[in-house]
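Student: I would like to go through this model with you and ask, for each label, what justifies it.
Tutor: Then let us look at the structure together and set each value against its criterion.

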Amino acid sequence: MRKEETVKLISAEGFEFVIHKDAAMVSQTIRNMLTSPGSFAETEHGEVTFPEISTTILEKICKYFYWNLQYASGKQTEFHIEPELVLELMMAANYLHT
Amino acid sequence: MSAQKKRNFQIEAFKHRVVVDPKYAEKTWKILEHAIHEIYNHNASGLSFEELYRFVTFAYTYLTDGLMVFLHIDRVTTMTYHLKEISKSIEAAQGELFLEELNRKWADHNKALQMIRDILMYMDRTFIPSTHKTPVHELGLNLWRDVVIHSSKTQARLLDTLLELVHRERSGEVINRGLMRNIIKMLMDLGSSVYQDDFEKHFLEVSADFYRCESQEFIESCDCGNYLKKAERRLMEEMERVSHYLDARSEAKITNVVEKEMIESHMNRLVHMESSGLVNMLVDDKYDDLGRMYSLFRRVQNGLVIVRDVMTAYIRDTGKQLVTDPERLRDPVDFVQRLLDLKDKYDKVINLAFNNDKTFQNALNSSFEYFINLNARSPEFISLFVDDKLRKGLRGVSEEDVEVVLDKVMMLFRYLQEKDVFEKYYKQHLAKRLLSGKTVSDDAERSLIVKLKTECGYQFTSKLEGMFTDMKTSQDTMHGFYSAVGHQLGDSPTLAVQVLTTGSWPTQPSATCNLPAEILWVCEKFKSYYLGTHTGRRLSWQTNMGTADLKTTFGKGQKHELNVSTYQMCVLMLFNNTDRLTYKEIEQATEIPASDLKRCLQSLACVKGKNVLRKEPMSKDIAEDDAFFFNDKFTSKFFKVKIGTVVAQRESEPENQETRQRVEEDRKPQIEAAIVRIMKSRRVLDHNNIVAEVTKQLQVRFLPNPVVIKKRIESLIEREFLERDKTDRKLYRYLA
């Protein structure tokens, strides 16, 4: 993974997830952040901090990004969500416009 | 987790739990306002998208509606403030720089707007649809339009500058097309109505004025060809302009303007322009100019109609001159050749310049049909032309070329209305060709007949084909004759008889002449042989059509073979016994009809180089008291001497009348047959319809005269094929 192709997502607790840009751009919000013509801090450094998203949720989100890519490319599997995460996950989804 | 699903789960349950800081709205706004300022100042790198986005999300998720509206309005004012700044700086830009400044600011604004939109995306997603406010991006564009473009100073200036640039480009200057394109694109981005109202409308008006003046100037100073060239170039320029920096939808509009101003309003003048208009182009074969005229005039309504009308009128005119010119009538071959040349010329024009337009071809055809039939002798001349070609014109020409010539003739034939007249003449000429053995190629003859057959049907050519069959059987008969009785003949003259079926051949009833005794004997032999093999037939001699080869010895012992007609042979044979004969004596001895005898004597005695007879007194014409001598001093460098009869190739006036009359006679039964055919199927029909139907049926062969048709109907009524209806006198009934 070359650096230009990746983006670093940082959770509220400071955990860093390095994932492909393609995957991260499943989120409309992140897509806008990374493609906005003006250079925001995120675009320049290639890292985004989410002070409102906990590590557990962010991890689940990253998994979802990759699952989504696979799903879109035709591999139809189930995406398992633990019931206790559902609410927080939904808030995050609303925020990330996923 | 599709978008659909998530919408259903708008997180409302959480609302009451969050304690909203009353100052939160203000705080949010401060941050956002700051961000917008920074963005406009190109200083965004210090901003965190996530942070801003989080604020917006939070604000629009938890704030009350009232506060949100407040936020919205605030945002509008901030942007307006910035745009006003921009507007001022644009207005301040001097001259040339104005557009560049505008362009640069526009690019900035666009970029900023996109960033703001991204930040406020959450608002676009949730707040805007539910409150029917304008989305951020659109709002930004609208603000730009209202504040910058429609500011009192900029609006007029922008328009003037753009039009000025276009004008400069039209006058040949090079302008910055990229800049132009950006500005136009900006107007289009602001909505098609902005582009149309602020630019296109004025642009079209100015263009119309420009081209009106220019075309006026051109038309005063240029000839038609040059004018068209200029118009075409202008049109190309405008299209290029559109493709470079205008909206593609403007192309139709601007070309329309050019077409209207440069072509439509000057159409008539161009076509009729003296010494360079359409007619002159046609005369001078200016295919390029004609093609240009075609492609330009095609663009405007009625353009081609004018071109076509003028062309048709011109062709008709020239054609009419050609067919009615008495000079031309002297030489039928030349006459037809000219027609063909004319046709070729226009075919080429239509092919090269008019894109093979069907309507033009039709116009050409109808013109030809019109003027060819103006001259009642066209059928005769066309047949004579074919005759000439098949006698000598096509000698040594390749088969394909023969086909080409024949096809062309067929094309003229198609234009003829009186096809039966052509048939009549063609038959005569074909008979002469066959009997004198002058046909260049049997294949060509047959191919022409096949063509006629496909054109007019079997009926038309059956007799012509009969003539070919007769020629063939005659050959066999002669073989049979010589193998059967050849030994009895000894060294008497060789005879070649062609037995012709009456009816198939155009025989003229002619008085038979007295054949010399030697010939007569052989003829009698043949007659008895032929009637012996075929019973129930009658043979009569057509002495006016034959030829003979005579071996002659002249005074100094030089020998020649003379190729002469049967009549001439009869005359020459008389000189075997004596050297001097008077006209009266010859007439008595041969009993050749006076007109034919005169003609044949003329060719024997008066043609220089072929005068095997000497006449007293020496004069051009034959008089009844002339005397003839055998010309001992005759010399020729050829062994074989062909003595042609002085034939009137063209029919003389009385002959022509006679043929006409025969044609009219032939038409009667055809018309009657058509009437009977129609009535048999219809039983009852009124007069006008009969005439129409008959005309339709016979059109392939000739155009029947209504008066003649009426006469035929009357004759049929007399003979009780038809009767008039008792109540309605206009109705006819079919009897039997």
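**Labels and their grounds**

Student: What makes one face of strand 4 of chain B covered and the other uncovered, and which residues belong to each?
Tutor: In this predicted model, strand 4 (residues 613–616) of chain B has Leu613(B) and Lys615(B) on its covered face, whereas Arg614(B) and Glu616(B) lie on the uncovered one. The general background is that side chains in a regular strand alternate between the two faces of the sheet.

Student: How do you know that strand 4 and strand 5 of chain B are paired, and in which sense?
Tutor: Two strands count as paired if at least two bridges are found between them, and strand 4 of chain B has four bridges with strand 5 (residues 627–630) of chain B, in the antiparallel sense. One of the residues involved is Leu613(B), whose bridge partner in strand 5 of chain B is Phe630(B).

Student: Why are strand 2 and strand 3 of chain A called edge strands?
Tutor: The open sheet in chain A has three strands in the order 2-1-3, with mixed pairing. Strand 2 (16–20) and strand 3 (47–49) of chain A each have a single partner strand, so one side of each is left without a neighbour in the sheet. From one strand to the next, the twist averages 25 degrees.

Student: What makes strand 1 and strand 3 of chain A a parallel pair?
Tutor: Strand 1 (residues 6–10) of chain A and strand 3 of chain A share three bridges in the parallel sense, and the criterion asks for at least two. Within this pair, Lys8(A) has Glu47(A) in strand 3 of chain A as its bridge partner. Helix 4 (residues 55–72) of chain A lies across strand 1 and strand 2 of chain A, and runs at about 10 degrees to strand 2 of chain A.

Student: Which strands are at the edges of the open sheet in chain B, and how do you know?
Tutor: That sheet consists of three strands in the order 1-2-6, with mixed pairing. Strand 1 (547–553) and strand 6 (640–642) of chain B are its edge strands, since each pairs on one side only. Neighbouring strands of the sheet are turned by 25 degrees against each other on average, direction ignored. Strand 2 (residues 559–565) of chain B pairs with strand 6 of chain B over three bridges in the parallel sense, and Asn563(B) stands opposite Lys642(B) in strand 6 of chain B. Helix 26 of chain B packs on this sheet, where it touches strand 1 and strand 2 of chain B, and its direction makes about 130 degrees with that of strand 2 of chain B.

Student: What describes the packing of helix 26 against helix 27 of chain B?
Tutor: Two packed helices are described by the angle and the distance between their axes. For helix 26 (residues 566–574) and helix 27 (residues 583–590) of chain B, the angle is about 115 degrees and the axes are 10 Å apart, and the crossing is right-handed. Cys570(B), Val571(B) and Leu574(B) in helix 26 of chain B meet Ile586(B), Ala589(B) and Thr590(B) in helix 27 of chain B. The residues of this contact divide into five nonpolar, one polar and no charged.

Student: Why is Asn355(B) called partly exposed, and why is Glu720(B) called exposed?
Tutor: A residue counts as exposed with 12 or fewer other C-beta atoms within 10 Å, and as buried with 20 or more. Asn355(B) has 13 such neighbours and is therefore partly exposed, whereas Glu720(B) has 9 and is therefore exposed. Asn355(B) is found in the loop between helix 18 (332–352) and helix 19 (358–372) of chain B, and its phi is near 60 degrees, a positive value in a residue other than glycine. Glu720(B) is in the loop between helix 31 (706–718) and strand 8 (722–724) of chain B, and has a positive phi of about 65 degrees although it is not a glycine.

Student: Which residues touch the most other members of the largest nonpolar core?
Tutor: Met293(B), Ile382(B), Val409(B) and Leu412(B) do so, in a core of 66 residues. Its largest share, seven residues, comes from helix 21 (residues 399–415) of chain B.

Terms used. Residues are numbered from 1 along each chain as its sequence is written. Chains are lettered from A and ligands numbered from 1 in the order in which they are written. This is a predicted model: local features need pLDDT of at least 70, side-chain atom pairs count only at pLDDT 80 or more; totals for chains, interfaces and linings use all residues. Axes are lines fitted to C-alpha atoms, for helices over the stretch in contact, and angles run from 0 to 180 degrees between N-to-C directions. Helices (H or I, at least four residues) and strands (E, at least two) are DSSP runs, numbered from the N terminus. A crossing is left-handed if the near helix is turned anticlockwise from the far one by less than a right angle, and right-handed if clockwise. Two residues are in contact if their C-beta atoms, placed from the backbone, lie within 7 Å. Ala, Val, Leu, Ile, Met, Phe, Trp, Tyr, Cys and Pro count as nonpolar, Asp, Glu, Lys and Arg as charged, and the others, Gly among them, as polar. A nonpolar core is a set of buried Ala, Val, Leu, Ile, Met, Phe, Trp, Tyr and Cys residues joined through C-beta atoms within 7 Å.
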